[in-house]
Amino acid sequence: MINTVDTPALATPEGAQPLSDEELAGLRGGFITTNGFTFGFGVVIRSYVDDRLALQTRLTWTPTGAVTEQIRGDMPGLTDLASAMTSLLNSGIDLRGLSGTSGGVALVSGDGATALIHNVTTGQLQNLIVNSASHQNLRQDMELNLYLPDLAAMQAASSAQQQVSQLTYDLNTSLVSALGR
């Protein structure tokens, strides 16, 4: 994987251990082949409330198509979005017009409400926070993984194609010039 931008380290929970390369490989996207080149794509969206994972959605491309997996965090009062619509409305959050999402969760308390929505489909990646609660630390992360195992071959093919195009252009220009003499 090519990393051309230095990114600041993300805060990790106490006692957390880094994953091995094998574990990371299992979390990355699946492989897709196009025009003879293979690449992998995947996305992971995570939403946190007060630095605790509330919702994680993962989209992975496999040879048979896209696979989406959603994991709810273990937080007191956390419910699925569909079950919490009335409570959210009573707390000032109206999501009745929201349709076509692949999932979300809600946290409703006496202090207000928070809806965390992940809409992950083959055509779009969206994450949304709607909040009426006070004194919460809310965060969403979106991690896109693009794996290009054939990058060197793709670059070589592109370079060769550019050289052939330039040679063709040069020959055509020379022939046109020769005709005018």
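Strand 7 of this predicted model sends its side chains two ways: Gly112, Thr114, Leu116, His118 and Val120 point to one side, while Ala113, Ala115, Ile117 and Asn119 point to the other. Whichever way they face, all of these residues are buried. Put as a count, nine of the nine residues in strand 7 are buried, so the strand is mostly covered. The back-and-forth pattern is no oddity, since in a regular strand the side chains alternate between the two faces of the sheet.

What does strand 7 pair with? On one side there is strand 6 (residues 104-109), which pairs with strand 7 in the antiparallel sense over six bridges. These two strands make a hairpin, with two residues between them, and one of the bridges links Ser109 to Gly112 of strand 7. Strand 8 is another partner: seven bridges join strand 7 to strand 8, again running antiparallel. Here His118 has Asn127, in strand 8, as its bridge partner.

Zooming out, these pairings belong to an open sheet of four strands, in the order 5-6-7-8, with antiparallel pairing. Strand 5 (78-80) and strand 8 (125-131) sit at the edges and have a single partner strand each, so one side of each is left without a neighbour in the sheet. On average, and with direction ignored, neighbouring strands of the sheet are turned by 15° against each other. The partner of strand 5 is strand 6, and the two pair in the antiparallel sense over three bridges. Thr79, for example, has Ala106 of strand 6 as its bridge partner.

Edge strand or not, is Leu78 of strand 5 buried or exposed? Its relative accessibility is 9%, and because buried means under 20%, Leu78 counts as buried. Leaving out residues up to four places away in sequence, Leu78 touches Ala54, Arg72, Gly73, Val105, Ala106 and Leu107. There is also a distance to note across the sequence: Leu78 and Ser109 are 31 residues apart along the chain, and their C-alpha atoms are separated by 9.8 Å.

Next come the nonpolar cores. In soluble globular proteins, nonpolar side chains tend to be buried together. The largest nonpolar core in this model has nine residues, namely Leu81, Ala84, Leu88, Ile93, Leu95, Ala106, Ala113, Ala115 and Ile117. Strand 7 (residues 112-120) gives the most to this core, with three residues. Another core, of eight residues, lies apart from it and includes Ala54, Leu55, Val105 and Leu116. Within the largest core, Leu95 makes a handy example of how the pieces meet. Setting aside neighbours within four places in sequence, Leu95 is in contact with Leu81, Met85, Leu88, Ala115, Ile117 and Val130.

As for the chain as a whole, it has three helices and nine strands. Read from the N terminus on, the elements run α-β-β-β-β-β-α-β-β-β-β-α. Of the 181 residues, 24% count as buried. The accessible surface of the chain comes to about 12000 Å², and 53% of this belongs to carbon and sulfur atoms. Among contacts between residues at least 6 apart in sequence, 48% join residues at least 24 apart.

A few spots outside the four-stranded sheet deserve a look too. One is Asn145, in strand 9 (residues 138-147). With 9% relative accessibility, Asn145 counts as buried. The side chain of Asn145 is joined to that of Glu143 by a polar contact of 3.2 Å.

The other spot is the loop between strand 2 (37-49) and strand 3 (52-62), where Asp50 is placed. Asp51 is found in the loop between strand 2 and strand 3 as well. Most residues other than glycine have a negative phi. Asp50, however, has a positive phi, near 50°, and Asp51 also has a positive value, near 65°. How do the two fare for accessibility? Asp50 is at 40% relative accessibility and counts as partly exposed, whereas Asp51 is at 52% and counts as exposed. The labels differ because exposed means over 50%, with partly exposed covering the range between that and the buried cut-off of 20%.

Definitions and conventions
Residues are numbered from 1 along each chain as its sequence is written. This is a predicted model: local features need pLDDT of at least 70, side-chain atom pairs count only at pLDDT 80 or more; totals for chains, interfaces and linings use all residues. Side-chain values use heavy atoms; hydrogens and water are left out. A nonpolar core is a set of buried Ala, Val, Leu, Ile, Met, Phe, Trp, Tyr and Cys residues joined through side-chain atoms within 4.5 Å. Buried means under 20% relative accessible area, exposed over 50%, partly exposed in between (1.4 Å probe, protein chains only). Contact means heavy atoms within 4.5 Å. Two strands pair if DSSP finds at least two bridges between them. Axes are lines fitted to C-alpha atoms, for helices over the stretch in contact, and angles run from 0 to 180 degrees between N-to-C directions. Accessible areas come from the Shrake-Rupley method with a 1.4 Å probe; for residues, only the protein chains shown count as cover. A polar contact is a pair of N or O atoms within 3.5 Å; within protein, one must be able to donate a hydrogen and the other to accept it, and residues adjacent in sequence count only if both atoms are side-chain atoms.
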